[in-house]
Amino acid sequence: MDHCIWRNAVPIVVGLRVAVGPLVALGLCVALGACAATTLSAQEPTPVSGEVSCAECVITLDTVATLGTWDDSGIPVITPFSRVAVDHRGRFLITHLTYPAISVFAPDGEFLGIVGRGANRTGGAGDRTIEFDAIAHVNVGSRFIHVFDFRRGRMVLDQDFELVRMDPSLGQVLSSVVLDAGSVAFAVPAAEPATVGHRLHILDLGGRTAHFGADPPPDQGPQTQRFLVTGDDSSVWVVSQQANRLVRWDLEPTPTVARIFDRTVEPFERHNPPTETWPRSLNVGSMLDENGLWIAWQTPDPEWTERISPGGQIPEAPWQTVLDGWLDLIDPATGRTLARYHGDDALLGFANGSRYVVSYHEPDSGGSYIHLLEPRLSRVSSGM
């Protein structure tokens, strides 16, 4: 299944040396290509129980939009493996690895059309249609839309879907977070234990990449591990897809590992077999907001007992009969779970550029739907 941080800081010239404030150090590091050998700080992982610590805290999911219909033959991008982003006009951008275009939906769920075409398809003279090959995911910043293609690299689009620039040969970028300056942070695998299993990479709008945590630069081959990232202008959280390790990188003055939480969550561990069978427990999305760190994950439905070996055929069964969806709200200071949601529909993660959770459902009448859900945290009286 499948930053540069500039912000009001100015370098001060002292003789032949340049003294930089903490907010520009990373920007110069990226520009000069001096970040490659940056190492991690000596942080020991903190073991954390996955038990819910707030008995009165309740998570509810409010439906914001529903995309798809009972007859969605014209919208092949809606599948259990769809990826979703929300742009600044409120449009929903949906992609799928095997579909070389972006499907665009209006805020009310109306299908507006597609952007782009396959790289092996040709247009007429003067055709400037953007070409995609295998879109890994789309993310949205304050100015631009970032499209990560497995084979073509990163494409930067404006809000009218016009191509601004292309940065090829990035390897597999499976998850990203857009920082205020327009830079994009993502993580790639690296050998344990010196680098907590990943390197952090920051790609700026000029196409320059700085990497932190290990040398040499990442290879371009298939990734055996996958990482989810979320964050803000001060920190980036990296979450292993196949384990419950949370790593916080502080970005200022230079990206450094600040905390490592190794969480033990019984429902997750129960469905995480030592062999690579499917279905299994997976972290599928993360989001940081004022409430804390949200992690979406999947586990096999208790009534589903079939296990598929690598390369095996995934059964044609309604997704909600195969997988359950979970949502944890985590205290970033302690790694403890504040509240937990558990439902029958499979959660696909979070829609990039928003705080919406994405769920997938196949009704008995046919077709398929994607629901955009807004998580809400409330407290109930212990007497209720």
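Biologist: Why is Asp 204 called buried?

Modeller: Its relative accessibility is 4%, and buried means under 20%, so Asp 204 meets the cut-off. Keep in mind that this is a predicted model.

Biologist: What makes Asp 204 and Arg 208 a salt bridge?

Modeller: Their side chains meet at 2.9 Å, N to O. The limit is 4 Å between a side-chain nitrogen of Lys or Arg and a carboxyl oxygen of Asp or Glu, so this pair qualifies.

Biologist: And why does Arg 208 count as partly exposed?

Modeller: Partly exposed lies between 20% and 50%. Arg 208 has 42% relative accessibility, so that is its class.

Biologist: How do you know that Asp 262 and Arg 245 form a salt bridge?

Modeller: The distance from N to O is 2.8 Å, and the rule asks for a value within 4 Å. This pair links distant parts of the chain: Asp 262 sits in strand S22 and Arg 245 in strand S21, 17 residues apart.

Biologist: Why is Asp 262 called partly exposed?

Modeller: Because its relative accessibility is 26%, which falls between the 20% and 50% cut-offs.

Biologist: What makes Arg 263 and Asp 328 a salt bridge?

Modeller: Their closest N and O atoms are 2.9 Å apart, and the limit is 4 Å. Arg 263 belongs to strand S22 and Asp 328 to strand S25, so the pair ties together parts 65 residues apart in sequence. Both residues, Arg 263 and Asp 328, are buried.

Biologist: How many salt bridges does the rule give?

Modeller: The count comes to 15.

How values were computed. Residues are numbered from 1 along each chain as its sequence is written. This is a predicted model: local features need pLDDT of at least 70, side-chain atom pairs count only at pLDDT 80 or more; totals for chains, interfaces and linings use all residues. Side-chain values use heavy atoms; hydrogens and water are left out. Buried means under 20% relative accessible area, exposed over 50%, partly exposed in between (1.4 Å probe, protein chains only). Helices (H or I, at least four residues) and strands (E, at least two) are DSSP runs, numbered from the N terminus.
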